[in-house]
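Trainee: I am new to this structure. Please take one part of it and go through that part closely, including what surrounds it.

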Amino acid sequence: FIESSWIAGTFISNDEIPTLYRSSRIVLNDHRPDMAKRGFLSNRLFDAVASGARVVSDEVLGISEVFSGAVMTYETPQELEAICSGELDELFGDAEVIRERAIKIGLANSFDARAEQLIRAVMNFDKQ
């Protein structure tokens, strides 16, 4: 837990979240142990990356393949410190690289893209 002096508020409207993610130096993410063990990626990863944020997360099976460098991962406190204190453009790429990744992740994981994936799965269910 962090000291209460670091807490700026208790509520952020959904409309403000993309701007807040994008304007942050780094967005931190973590997973519950049962999620990480089974490769369930946090929704925050998709939201933050699609917003154009630099994201740092704990390691989860499949995270590198899904985000292709848009999310930096760590396993130890020392690795987390090194990432957070490093040169961000070297670690994440410049603004254009971040923008391109944001568009790619946003399009591939939008509500419409996921709905289409579910429809295809249902349509092909009896063919398996």
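**Ala 102 and its surroundings**

Mentor: Setting aside residues up to four places away in sequence, Ala 102 touches Val 49, Ala 50 and Gly 52. The model is a predicted one. Ala 102 is found in helix α7, which covers residues 95-108. Its relative accessibility is 10%, and because buried means under 20%, Ala 102 counts as buried. Its C-alpha atom is separated by 26 Å from that of Ala 121, 19 residues apart along the chain.

Two of the residues that Ala 102 touches, Val 49 and Ala 50, bring us to helix α3, residues 43-51. The buried residues in α3 are Leu 45, Phe 46, Ala 48, Val 49 and Ser 51. A general point helps when reading such a list: an α-helix has 3.6 residues a turn, so residues three or four places apart point the same way. At the N-terminal end of α3, Ser 42 acts as a cap, with a side-chain oxygen 3.1 Å from the backbone nitrogen of Arg 44. After α3 comes Gly 52, which has a positive phi, near 95 degrees. Gly 52 is also among the residues touched by Ala 102.

Next, the empty space. The model has one cavity of 30 Å³ or more. The largest cavity has a volume of about 40 Å³. Ala 102 is part of its lining, together with Val 49, Ala 53, Arg 54, Ala 70, Phe 92, Ile 98 and Arg 101. Helix α7 gives the largest share of this lining, three residues. By type, the lining of the largest cavity has six nonpolar residues, two charged and no polar ones.

Val 49, one of the lining residues, also belongs to the largest nonpolar core, which has 16 residues. The members that touch the most others there are Leu 41, Leu 45, Val 49, Val 55, Phe 67 and Val 71. Helices α3 and α4 (63-67) each supply at least two residues of this core, and the largest share, four residues, comes from α3. Apart from this core lies another, of eight residues, including Val 56, Met 72, Tyr 74 and Ile 83.

Val 55 shows how these parts meet. Leaving aside neighbours within four places in sequence, Val 55 is in contact with Leu 45, Ala 48 and Val 49, and also with Ala 70 and Phe 92, among others. Ala 70 and Phe 92 are both in the cavity lining.

Strand β2, residues 55-58, also holds Ser 57. Ser 57 counts as buried because its relative accessibility is 0%. The side chain of Ser 57 makes a polar contact with the side chain of Asn 29, at 3.0 Å. Beyond four places in sequence, the contacts of Ser 57 include Asn 29, Leu 45, Val 71 and Met 72. Leu 45 is also one of the buried residues in α3.

Last, the loop between α7 and α8 (111-123) contains Asn 109. The side chain of Asn 109 reaches the backbone oxygen of Ile 105 at 3.0 Å. The same side chain, that of Asn 109, makes a polar contact with the side chain of Arg 114, at 2.3 Å. With neighbours within four places in sequence left aside, Asn 109 is in contact with Phe 46 and Arg 114. Phe 46 leads back to α3, where it is one of the buried residues.

Definitions and conventions: Residues are numbered from 1 along each chain as its sequence is written. This is a predicted model: local features need pLDDT of at least 70, side-chain atom pairs count only at pLDDT 80 or more; totals for chains, interfaces and linings use all residues. Side-chain values use heavy atoms; hydrogens and water are left out. Buried means under 20% relative accessible area, exposed over 50%, partly exposed in between (1.4 Å probe, protein chains only). Contact means heavy atoms within 4.5 Å. A polar contact is a pair of N or O atoms within 3.5 Å; within protein, one must be able to donate a hydrogen and the other to accept it, and residues adjacent in sequence count only if both atoms are side-chain atoms. On a 1 Å grid over the protein atoms alone, a cavity is a set of points where a 1.4 Å probe fits but cannot get out, and a pocket is an open set with protein on both sides within 12 Å along at least five of seven lines; lining residues have an atom within 4 Å of a point. Grid points are joined across faces, edges and corners, and a volume is the space filled by probe spheres set on the points. Ala, Val, Leu, Ile, Met, Phe, Trp, Tyr, Cys and Pro count as nonpolar, Asp, Glu, Lys and Arg as charged, and the others, Gly among them, as polar. A nonpolar core is a set of buried Ala, Val, Leu, Ile, Met, Phe, Trp, Tyr and Cys residues joined through side-chain atoms within 4.5 Å.
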